[in-house]
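Please look through the structure shown here before reading the notes that follow. They take up a buried serine's surroundings, aromatic rings, a helix and a pocket in turn.

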Amino acid sequence: LLSAFFATCASPFLKESLAGFTKYLFYFLCYVAMRLVIKSRSDCFGLFACALIGLLWANFEGLKQATFGAEALATWEDPNIPLSETFSRVYSTFLNPNLYGAYLLGLWPLSLIFLYFSFIAPSLGINKLISYIFSLLFGLTSFVSLYLIFQTGSRGAWLALGLQLVFIAF
């Protein structure tokens with residue numbers, strides 16, 4: 001936090017840097033508040049479940065755009081590339097495909113983790129039917145998230161996904 005403050009003060013673009021520092025400070029305070037509030041695994045599970053519900057909604061919107069096309073809201077659609085006629089970048093509710101790609105990158109591994117736990121849930125005493133339903137849901141969420149990462153057309157998201165897959169493989 002201190003280094004971010006000094007970098008902000010030393011920036012030649014003080015107004016823009018203060019806006020960025022304010023966001024950073026907000027994120028840092030949210031992290032501290034979550035560390036203070038979340039004391040048990042059940043609280044953590046509930047938070048992750050809420051994040052996955054948000055992922056499901058964003059994936060629904062992204063699939064709708066991938067299927068029916070998405071309106072280009074900015075200059076990220078390049079009409080000079082051959083794929084531009086058949087490939088429409090999706091952005092869900094984020095209004096920017098790069099932001100949507102970053103969002104998916106953060107949450108699709110979480111659906112993999114929940115998929116793993118839904119497979120071992122019967123050994124924990126959870127009903128097998130519920131376990132199978134959740135396995136299907138989390139597996140589908142993982143697959144759709146990966147598909148939508150490619151549909152964002154975000155090169156940064158593609159590179160980060162490659163690194164994530166290498167990390168998961170090892």
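Helices here are DSSP runs of at least four residues, numbered from the N terminus. The model is a predicted one, and with that naming in hand, Ser92 can be placed in the loop between helix H3 (41-68) and helix H4 (97-120).

**Ser92 and its surroundings**

- Is Ser92 buried or exposed? Its relative accessibility is 4%, and because buried means under 20% relative accessible area, Ser92 counts as buried.
- A polar atom of the Ser92 side chain lies 2.9 Å from the backbone oxygen of Ala58.
- When neighbours within four places in sequence are left aside, Ser92 is in contact with Ala58, Glu61, Gly62, Gln65 and Tyr100.

**Aromatic rings**

- How many aromatic pairs does a search of the whole structure find? The search finds ten aromatic pairs.
- One of these pairs joins Phe5 and Phe6, whose ring centres are 5.9 Å apart and whose planes meet at 55°, so the pair is tilted.
- Another is made by Tyr116 and Phe117, with ring centres 5.3 Å apart and planes at 65°, so this pair is edge-to-face.
- Phe5 and Phe6 also belong, together with Phe21, to one aromatic cluster.
- Phe5 counts as partly exposed at 39% relative accessibility, and Phe117 is likewise partly exposed, with a relative accessible area of 45%.

**Helix H5**

- Helix H5 covers residues 128-152, and at 1.5 Å a residue its 25 residues should span 36 Å, which agrees with the 36 Å that separates its end C-alpha atoms.
- The buried residues in H5 include Ser131, Ser135, Phe138, Thr141, Ser142 and Ser145, and further along the helix Leu148, Ile149, Gln151 and Thr152 are also buried.
- An α-helix has 3.6 residues a turn, so residues three or four places apart point the same way.
- Just after H5, Gly153 takes a positive phi of about 70°.

**The largest pocket**

- The largest pocket holds about 610 Å³ of space, and it is lined by 20 residues, of which Phe45, Phe114, Phe117, Ser118 and Phe138 lie nearest its centre.
- Which elements give two or more residues to the lining of the largest pocket? They are H3, H4 and H5, and H3 gives the most, with eight residues.
- Two of the residues nearest the centre of this pocket have already appeared above: Phe117, which pairs with Tyr116, and Phe138, which is buried in H5.

Technical notes. Residues are numbered from 1 along each chain as its sequence is written. This is a predicted model: local features need pLDDT of at least 70, side-chain atom pairs count only at pLDDT 80 or more; totals for chains, interfaces and linings use all residues. Side-chain values use heavy atoms; hydrogens and water are left out. Buried means under 20% relative accessible area, exposed over 50%, partly exposed in between (1.4 Å probe, protein chains only). A polar contact is a pair of N or O atoms within 3.5 Å; within protein, one must be able to donate a hydrogen and the other to accept it, and residues adjacent in sequence count only if both atoms are side-chain atoms. Contact means heavy atoms within 4.5 Å. Rings of Phe, Tyr and Trp (its six-membered ring) pair if their centres lie within 6.5 Å; planes under 30 degrees apart count as stacked, over 60 as edge-to-face and the rest as tilted. The expected span of a helix is 1.5 Å times one less than its number of residues. On a 1 Å grid over the protein atoms alone, a cavity is a set of points where a 1.4 Å probe fits but cannot get out, and a pocket is an open set with protein on both sides within 12 Å along at least five of seven lines; lining residues have an atom within 4 Å of a point. Grid points are joined across faces, edges and corners, and a volume is the space filled by probe spheres set on the points.
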